[in-house]
Amino acid sequence: MANGQGIANNSSSGGDDQTHIALGKVILEEIRDFAAVKWPEESCGLLIAAIDTPNRIDRVVFARNVAEDPLTTFEIDPQTLIDAHRTARQKRERVVGCFHSHPNGKALPSPTDRARADEHGFLWLIIATEHNRAGDSGLYRIIHQSTADAAEQSQLRYFRRCQIIDR
């Protein structure tokens, strides 16, 4: 089911509630512009949705990348993360995902992304950037799945590709 990148192919058709994510063109272009401006560093931020419509991104919070090496990884500024969660609770919203850019021009999750994807169901929007421009983008939902072997008690992590639909 999953390919070599740890990405599951979505073989369902129709409006699968988990793989079809509404994200307006204006918000997506704002994210792409932000990513392009931050090149050659990785940009990052948060995706926010209303509590009752978690598969429709209503707004984005741009964050400062405080990673030790922002050319190769991202870490969302902790204060931005705290403030975003607090504001979301007050507005009956929730943080449903994050976005970041890959300055290598690839919109696929990296092994580092998969290792750091701790929250089941969380969305990851990846924007490929190269030479101050945004290229392809990919939206993924992290899936944690327990293995069938009870003796092993391990958990598989993979990204399920999502389709962006204009809201």
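**Figure 1. Buried residues and the overall fold of the protein chain.** In this predicted model, buried residues account for 44% of the 167 residues in the protein chain. The outer face of the chain exposes about 9,000 Å², and carbon and sulfur atoms supply 48% of that area. If you trace the chain, you will meet three helices and eight strands. Read along the sequence, they follow the pattern β-β-α-β-β-α-β-α-β-β-β. Contacts also tell us how the chain folds back on itself: among those between residues at least 6 apart in sequence, 61% join residues at least 24 apart.

**Figure 2. A close-up of the largest pocket.** How much volume does the largest pocket have? The value is about 320 Å³. Its lining is made of 13 residues, and the closest to the pocket centre are Ile76, Cys98, Arg116, Phe122 and Trp124. Look for helix 2 (78-90) and strand 5 (93-102) here, as these are the elements that give two or more residues to the lining. Sorted by class, the lining of the largest pocket holds nine nonpolar, one polar and three charged residues.

**Figure 3. A close-up of the second largest pocket.** This pocket contains about 260 Å³ of space. Around it you can find 18 lining residues, with His102, Asn104, Leu108, Ser110 and Asp113 the closest to the centre. Strand 5 and helix 3 (111-116) each provide at least two residues of this lining. Which element gives the largest share of the lining of the second largest pocket? That is helix 3, with four residues. By class, the lining of the second largest pocket has six nonpolar, eight polar and four charged residues.

**Figure 4. Threonine 129 and the residues around it.** To find this residue, go to strand 6 (residues 123-130), where threonine 129 has its place. Is threonine 129 buried or exposed? Threonine 129 counts as buried because its relative accessible area is 1%, and the cut-off for buried is under 20%. Now look at what surrounds the side chain and backbone in this view. Leaving aside residues up to four places away in sequence, threonine 129 touches Ala35, Ala36, Trp39, Ser101, His102, Pro103, Asn104, Gly105 and Ala134. Two names in that list, His102 and Asn104, may be familiar from the previous figure, where they are among the residues closest to the centre of the second largest pocket.

Key:
Residues are numbered from 1 along each chain as its sequence is written. This is a predicted model: local features need pLDDT of at least 70, side-chain atom pairs count only at pLDDT 80 or more; totals for chains, interfaces and linings use all residues. Side-chain values use heavy atoms; hydrogens and water are left out. On a 1 Å grid over the protein atoms alone, a cavity is a set of points where a 1.4 Å probe fits but cannot get out, and a pocket is an open set with protein on both sides within 12 Å along at least five of seven lines; lining residues have an atom within 4 Å of a point. Grid points are joined across faces, edges and corners, and a volume is the space filled by probe spheres set on the points. Ala, Val, Leu, Ile, Met, Phe, Trp, Tyr, Cys and Pro count as nonpolar, Asp, Glu, Lys and Arg as charged, and the others, Gly among them, as polar. Buried means under 20% relative accessible area, exposed over 50%, partly exposed in between (1.4 Å probe, protein chains only). Contact means heavy atoms within 4.5 Å. Accessible areas come from the Shrake-Rupley method with a 1.4 Å probe; for residues, only the protein chains shown count as cover.
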